[in-house]
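Q: Please take a close look at how the nonpolar side chains are placed here, and at what surrounds them. Keep it casual, but spell out the cut-offs.

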Amino acid sequence: MKSLMPKQSSVTNTKSRVITKKTMSSSEGMSLIEVVVALALLAVIMFFMSSTQLSSIKMNHKTKIIRDLTHSAEREMENRRQDPQLSTVITSSQPDCFLEDEGYSCKTSIHPCSIGENDGEATIVCVDTTDVNFTEAEAVAHQITVDMETEPDARSGHVRNIRLQTIVQATKATP
């Protein structure tokens, strides 16, 4: 067992005098102030770490929702692209999606596109046939638009949405 008795060390001075110093061989422990300061510092660090963790969890939840919306919209887009009637459609007869997921609403629209000129350059112009008359013979392509939207969040009321668009070449019927 160690003794807590002071040790004596000697230092020689230039005049050959011996000066003795008393030192403790072990510390007497931490004071109450040091403990309180350490606990306060630990509490502040834990507060900032927990708030960072909470914001990370919220961001992961938002990311999951957007990822699910995007995945569902991509599936719907691929189903629409594979539809053999798409090449001759002028107006979308099925505004609802083929695949409905719980918690999401989905709307699709298909509009015919023709080639037009903009500043002397040929561009593809897609029109909404609910507003404009458009004949099937003018269609060189069709624009497919898929809109996905979540139901309002119960806590915040936020609605997340995503829109995907693509253009599919139209096939002409041979006379």
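A: Buried means under 20% relative accessible area, exposed means over 50%, and partly exposed is in between (1.4 Å probe, protein chains only). This is a predicted model, so local features need pLDDT of at least 70 and side-chain atom pairs count only at pLDDT 80 or more, while totals for chains, interfaces and linings use all residues. Residues are numbered from 1 along each chain as its sequence is written, and side-chain values use heavy atoms, leaving out hydrogens and water.

Let's start inside. The largest nonpolar core (buried Ala, Val, Leu, Ile, Met, Phe, Trp, Tyr and Cys joined through side-chain atoms within 4.5 Å) has 12 residues: Ile65, Leu69, Ala73, Met77, Cys97, Tyr104, Cys106, Ile144, Val146, Met148, Ile162 and Val168. Two or more of them come from each of helix 1, strand 3 (104-118), strand 5 (141-150) and strand 6 (161-169); helices (H or I, at least four residues) and strands (E, at least two) are DSSP runs numbered from the N terminus. Helix 1 gives the largest share, 4 residues.

Ala73 is a handy place to zoom in. This helix 1 residue counts as buried because its relative accessible area is 0%. Skipping neighbours within four places in sequence, Ala73 is in contact (heavy atoms within 4.5 Å) with Val146, Met148, Ile162 and Leu164. Cys106 sits 33 residues away along the chain, with 8.1 Å between its C-alpha and that of Ala73.

Cys106 also takes us to the strands, since its bridge partner in strand 5 is Met148. Strands 3 and 5 pair (DSSP finds at least two bridges between them) in the antiparallel sense, over 10 bridges. Tyr104, again leaving aside neighbours within four places, touches Ile65, Asp68, Leu69, Met148, Glu149 and Thr150. On to strand 4 (residues 121-126): 6 bridges join this strand to strand 3, and the two run antiparallel. Glu117 stands opposite Ala122 there. The hairpin of strands 3 and 4 has 2 residues between the strands, and Asp119 takes a positive phi near 55°.

Next, the charges. There are 2 salt bridges, meaning a side-chain nitrogen of Lys or Arg within 4 Å of a carboxyl oxygen of Asp or Glu. Lys64 and Asp68 make one at 2.8 Å, N to O; both lie in helix 1, 4 residues apart, about one turn. Lys64 is partly exposed at 42% relative accessibility, and Asp68 is partly exposed at 25%. Asp147 and Arg163 make a salt bridge at 2.6 Å, N to O. Since Asp147 is in strand 5 and Arg163 in strand 6, that pair ties together parts 16 residues apart in sequence. Asp147 is partly exposed at 25%, whereas Arg163 is exposed at 52%.

In soluble globular proteins, nonpolar side chains tend to be buried together. On the outside, though, Met30, Leu32, Val35, Val36, Leu39, Leu41, Leu42, Ile45, Met46 and Met49 make a nonpolar surface patch of about 1,000 Å². Patch members have over 30% relative accessible area and no salt bridge; like charges are joined within 9 Å and nonpolar side chains (Val, Leu, Ile, Met, Phe, Trp, Tyr) within 5 Å. The areas are from the Shrake-Rupley method with a 1.4 Å probe, and for residues only the protein chains shown count as cover. Leu42 lies in helix 1 (residues 32-82) and is partly exposed at 48% relative accessibility.
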